[in-house]
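Student: I have a model open and want to go through its strands and helices. Can we work by question and answer?

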Amino acid sequence: MKLLEINNIRKSFDDNLHVLKDISLSVNEGEVVSILGPSGSGKSTLLRCATMLETMDGGTLSYCGESAVTEVDGKSMYMPKSDLKRIQNYFGLVFQNFNLFPHYTVLKNITDAPIHVQKREKAEVTEEAMALLGQMGIEDKADCYPCQLSGGQQQRVAIARALAMNPKILFFDEPTSALDPELTSEILKVLRDLAARKMTMVIVTHEIDFARNVSDRVIFMDEGYIVEQGKPEDVIDNPKNDRVRAFLRKVKG
């Protein structure tokens with residue numbers, strides 16, 4: 001089943017900075033898709049358009065067969081707010097800088113949205129949140145505040161918070177870029193565990209080995225285009241595109 005379908009997305013800033021130039025992408029249930037590419041290639045903007053944090057100029061967007069954005073006369077047209085609110089429940093987004101509420105405890109960070117946005121029972125949500133913290137190996141941190149946690153622990157709370165909404169698909173925007181190497185390995189282990197549980201994920205990352213080992217598909221972006229995509233062993237180990245080859249040579253050292 002197709003969980004996400006993006007067609008011909010275009011996005012510019014200030015009229016002359018064309019960040020996304022006709023991007024099309026679909027993601028199937030249970031699939032892990034990694035997006036690679038140099039800084040400024042449009043990776044994060046693609047994620048922000050897919051999660052409706054940025055408004056697309058052109059193109060269409062749908063989740064689970066439900067249209068969030070259609071196109072009329074070459075311009076993106078968004079569905080009514082009530083429809084978008086429902087569609088937003090299909091996905092979660094984990095940021096590189098955690099974006100936790102500093103004045104909430106870890107437990108409240110995780111339970112607040114399911115209780116107030118999804119109107120679910122507090123006892124049920126709390127039980128699920130504690131189970132997620134256990135899954136992340138930080139159940140003892142439930143009553144702590146974000147400032148009392150390491151970066152790796154904060155990112156695990158952010159992942160638990162996203163999972164607490166029971167999304168169909170999770171987006172990660174460079175989830176390890178704010179972490180040192182030791183903490184990076186902690187987060188990559190969490191992502192591997194989620195992949196093993198068949199969680200559908202789209203991950204913008206610079207971690208080439210991780211992308212090779214965990215992804216079902218790798219997408220390489222450059223200058224607002226998808227220039228190559230396919231199985232990790234093809235795109236990473238045997239790229240056809242010169243730009244991809246040059247980038248991988250550089251990052252592999």
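Student: Which residue is the bridge partner of Val 69 in β6?
Tutor: This is a predicted model. Strand β5 covers residues 66-72 and pairs with β6 in the antiparallel sense over four bridges. In β6, the partner of Val 69 is Tyr 78.

Student: What is the order of the five strands in the open sheet?
Tutor: Begin with the edges. β2 (17-28) and β6 (75-78) each pair on one side only. Neighbouring strands are turned by 20 degrees against each other on average, direction ignored. With antiparallel pairing, the order reads β2-β1-β4-β5-β6.

Student: At about what angle to β1 does helix α1 run?
Tutor: Helix α1 spans residues 43-50. It lies across β1 (2-13), β2 and β4 (58-63). Its angle to β1 is about 120 degrees.

Student: Why are the buried residues of α4 on the same side?
Tutor: Residues three or four places apart point the same way, because an α-helix has 3.6 residues a turn. In α4, the buried residues are Val 125, Ala 129, Leu 132 and Leu 133. They sit on the same side because they cover an arc of only 100 degrees around the axis.

Student: Which residues are exposed on the other side of α4?
Tutor: Exposed here means over 50% relative accessible area. The buried residues of α4 are covered by elements including α3 (106-116) and α5 (151-163). On the other side, the exposed residues are Ala 123, Glu 127 and Ala 131.

Student: Which residue just after α4 takes a positive phi?
Tutor: Helix α4 runs over residues 122-135. Just after α4, a phi of about 75 degrees is taken by Gly 137.

Note on methods. Residues are numbered from 1 along each chain as its sequence is written. This is a predicted model: local features need pLDDT of at least 70, side-chain atom pairs count only at pLDDT 80 or more; totals for chains, interfaces and linings use all residues. Side-chain values use heavy atoms; hydrogens and water are left out. Two strands pair if DSSP finds at least two bridges between them. Helices (H or I, at least four residues) and strands (E, at least two) are DSSP runs, numbered from the N terminus. Axes are lines fitted to C-alpha atoms, for helices over the stretch in contact, and angles run from 0 to 180 degrees between N-to-C directions. Contact means heavy atoms within 4.5 Å. The expected span of a helix is 1.5 Å times one less than its number of residues. Buried means under 20% relative accessible area, exposed over 50%, partly exposed in between (1.4 Å probe, protein chains only). The arc is that of the directions from the helix axis to the C-beta atoms.
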